[in-house]
Amino acid sequence: MMLPINYSLPSFLSKVAQKTVIYTQLIVLGISSPLLVNITAVNAQQPNSSEIQQISRYIQNLSTTDEDQRDRSIAALARMGKSAVPQLSKALQNQNPKVRANAAIALGEIGKDATDAVPVLKVALKDQNTRVRSRAMRALSLIDRKQVVPFLIAELSSENAWERYSATHALKTFRQEAVAAIPALIKTVKEDQDSSVRTGATTALGSIGRDAIVAVPTLLSSLKDKDERVRYGSAYALGRIGDTFHEQVNQLSDQELKQIISYLEIAQKTIANSNYEFIDQAVSSVNEPLQNLRKSSSSRRLQVLLQQINLSSTVQ
């Protein structure tokens with residue numbers, strides 16, 4: 001599976017977002033029946049009898065072929081919030097995959113108030129139906145992204161290149177919440193045989209930001225990758241990491257500031273001396289944060305010098 005070669009960096013990054021949406025529809029995470037779930041752990045606020053009947057009617061509509069009626073029912077269940085969670089959790093065990101998938105959608109729309117449904121949603125990630133799995137993944141990402149990261153990390157080791165590729169872009173959208181995936185992403189950049197997967201892993205590391213500093217040596221090496229998409233992705237990632245350091249520059253020690261500047265200088269030289277051509281956006285993605293960090297470093301040194309002059313004047 002290969003990405004098109006003729007693209008600019010901005011259009012490439014916009015495709016990342018598109019692939020992430022597709023991922024929630026196609027990811028394959030194994031096979032297991034949701035009927036095995038013990039839902040007694042779901043202890044959401046209990047609705048009254050009238051609400052229970054209303055929720056039941058809405059859930060019955062989840063199997064309809066009338067899209068408007070189905071969407072209205074999902075929206076209504078979402079508005080009912082936590083009181084609908086127990087019955088929606090049961091609906092995840094329904095024999096009809098449409099009901100299971102739409103129940104997952106409703107739980108995702110409820111958001112953090114659907115935390116009690118996390119155990120059944122985790123099991124739905126192994127549903128035999130692709131749509132159910134994707135909707136469960138989406139729901140978990142809306143309720144608690146940390147619950148999804150381990151599954152995405154596992155997908156980075158999939159034999160299917162599309163699944164690995166899709167997992168990298170899903171992790172990209174998680175930003176700092178994907179910190180636990182850094183070691184697996186580094187390994188992917190180093191070892192994956194598919195250039196599209198390597199590219200996805202570089203951009204995921206860049207989106208994590210400052211915490212991905214441990215990945216910088218790997219990203220520097222990837223500036224020499226034989227595939228231009230990997231090289232551009234690595235340049236973008238290095239620049240994004242540099243940007244996050246600059247955004248937090250007042251929190252950096254002198255050593256941290258010196259280190260990130262040194263890394264970006266290496267990246268700048270690697271690009272300048274490369275036998276490969278880099279597009280302007282890739283070059284500027286490294287040069288701009290480097291310039292900003294150098295200015296911050298100079299300003300910090302000047303402040304120290306002025307303090308020393310003032311101290312000297314006071315002593316005299």
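**Questions on a predicted all-chain model**

Biologist: At 43% relative accessibility, as what does Ile309 count: buried, partly exposed or exposed?

Modeller: The model is a predicted one, and Ile309 lies in helix 15, residues 280-315. Buried requires under 20% relative accessible area and exposed requires over 50%. Because its relative accessibility is 43%, Ile309 counts as partly exposed.

Biologist: Which residues form a nonpolar patch on the surface together with Ile309?

Modeller: Ile309 itself is partly exposed, at 43% relative accessibility. The nonpolar patch has about 360 Å² of accessible area together. Its other members are Leu302, Leu305 and Leu306.

Biologist: How many helices and strands does the protein chain have?

Modeller: The protein chain comprises 316 residues, and 49% of them are buried. It exposes about 15700 Å², of which carbon and sulfur atoms supply 48%. Among the contacts with a separation of 6 or more, 72% join residues 24 or more positions apart. The secondary structure consists of 15 helices and zero strands.

Biologist: Which residues touch the most other members of the largest nonpolar core?

Modeller: In soluble globular proteins, nonpolar side chains tend to be buried together. Here the largest nonpolar core has 78 residues. Those touching the most other members are Leu88, Leu121, Leu171, Leu185 and Leu205.

Biologist: Which residues does Leu171 touch, not counting those up to four places away in sequence?

Modeller: Leu171 belongs to the largest nonpolar core and is among the residues that touch the most other members. With residues up to four places away in sequence set aside, Leu171 touches Val149, Leu152, Leu156, Ala178, Ala181, Leu185, Ala204 and Ser207.

Biologist: Against which helices do the buried residues of helix 10 pack?

Modeller: Helix 10 spans residues 182-191, and its buried residues are Ile182, Ala184, Leu185, Ile186, Thr188 and Val189. One of them, Leu185, is touched by Leu171. The packing partners of these buried residues are helix 8 (149-155), helix 9 (161-174), helix 11 (195-208) and helix 12 (216-222).

Biologist: What is the phi of Arg175, which is not a glycine?

Modeller: Arg175 lies in the loop between helix 9 and helix 10. At 45% relative accessibility, Arg175 counts as partly exposed. Although Arg175 is not a glycine, its phi is positive, at about 50°.

Biologist: What is the angle between the planes of Trp162 and Tyr165?

Modeller: The count of aromatic pairs comes to two. Trp162 and Tyr165 form one such pair, which is tilted, with 5.6 Å centre to centre. Because they are three residues apart in helix 9, Trp162 and Tyr165 are separated by about one helical turn. The angle between the planes is 35°.

Biologist: Which residue is buried, with a relative accessible area of 1%?

Modeller: Trp162 counts as partly exposed because its relative accessibility is 21%, whereas buried means under 20%. The residue that is buried, with a relative accessible area of 1%, is Tyr165.

Biologist: How many residues apart are Tyr232 and Phe278?

Modeller: Tyr232 and Phe278 form a tilted aromatic pair, 6.1 Å centre to centre with 55° between the planes. The pair links distant parts of the chain: Tyr232 lies in helix 13 (residues 228-247), and Phe278 lies in the loop between helix 14 (254-272) and helix 15. Tyr232 is buried at 4% relative accessibility, and Phe278 is buried at 8%. Their separation in sequence is 46 residues.

Biologist: What is the N to O distance in the salt bridge of Arg229 and Asp227?

Modeller: Side chains of opposite charge can pair when their charged atoms come close. Arg229 is buried, with a relative accessible area of 2%, and Asp227 also counts as buried, at 11%. Their side chains meet in a salt bridge with an N to O distance of 2.7 Å.

Biologist: Is Asp71, at 39% relative accessibility, to be counted as what: buried, partly exposed or exposed?

Modeller: The side chains of Arg70 and Asp71 meet in a salt bridge at 3.0 Å, N to O. Arg70 is buried, with a relative accessible area of 19%, since buried means under 20%. At 39%, Asp71 counts as partly exposed.

Biologist: With which residue does Asp254 form a salt bridge?

Modeller: The count of salt bridges comes to ten. In the one formed by Asp254, the closest N and O atoms are 2.8 Å apart. This pair links distant parts of the chain, with Asp254 in helix 14 and its partner in helix 15, 46 residues apart. Asp254 counts as exposed, at 54% relative accessibility, and its partner is Arg300.

Definitions and conventions. Residues are numbered from 1 along each chain as its sequence is written. This is a predicted model: local features need pLDDT of at least 70, side-chain atom pairs count only at pLDDT 80 or more; totals for chains, interfaces and linings use all residues. Side-chain values use heavy atoms; hydrogens and water are left out. Patches are made of residues with over 30% relative accessible area and no salt bridge: like charges are joined within 9 Å, nonpolar side chains (Val, Leu, Ile, Met, Phe, Trp, Tyr) within 5 Å. Accessible areas come from the Shrake-Rupley method with a 1.4 Å probe; for residues, only the protein chains shown count as cover. A salt bridge is a side-chain nitrogen of Lys or Arg within 4 Å of a carboxyl oxygen of Asp or Glu. Helices (H or I, at least four residues) and strands (E, at least two) are DSSP runs, numbered from the N terminus. Buried means under 20% relative accessible area, exposed over 50%, partly exposed in between (1.4 Å probe, protein chains only). Contact means heavy atoms within 4.5 Å. A nonpolar core is a set of buried Ala, Val, Leu, Ile, Met, Phe, Trp, Tyr and Cys residues joined through side-chain atoms within 4.5 Å. Rings of Phe, Tyr and Trp (its six-membered ring) pair if their centres lie within 6.5 Å; planes under 30 degrees apart count as stacked, over 60 as edge-to-face and the rest as tilted.
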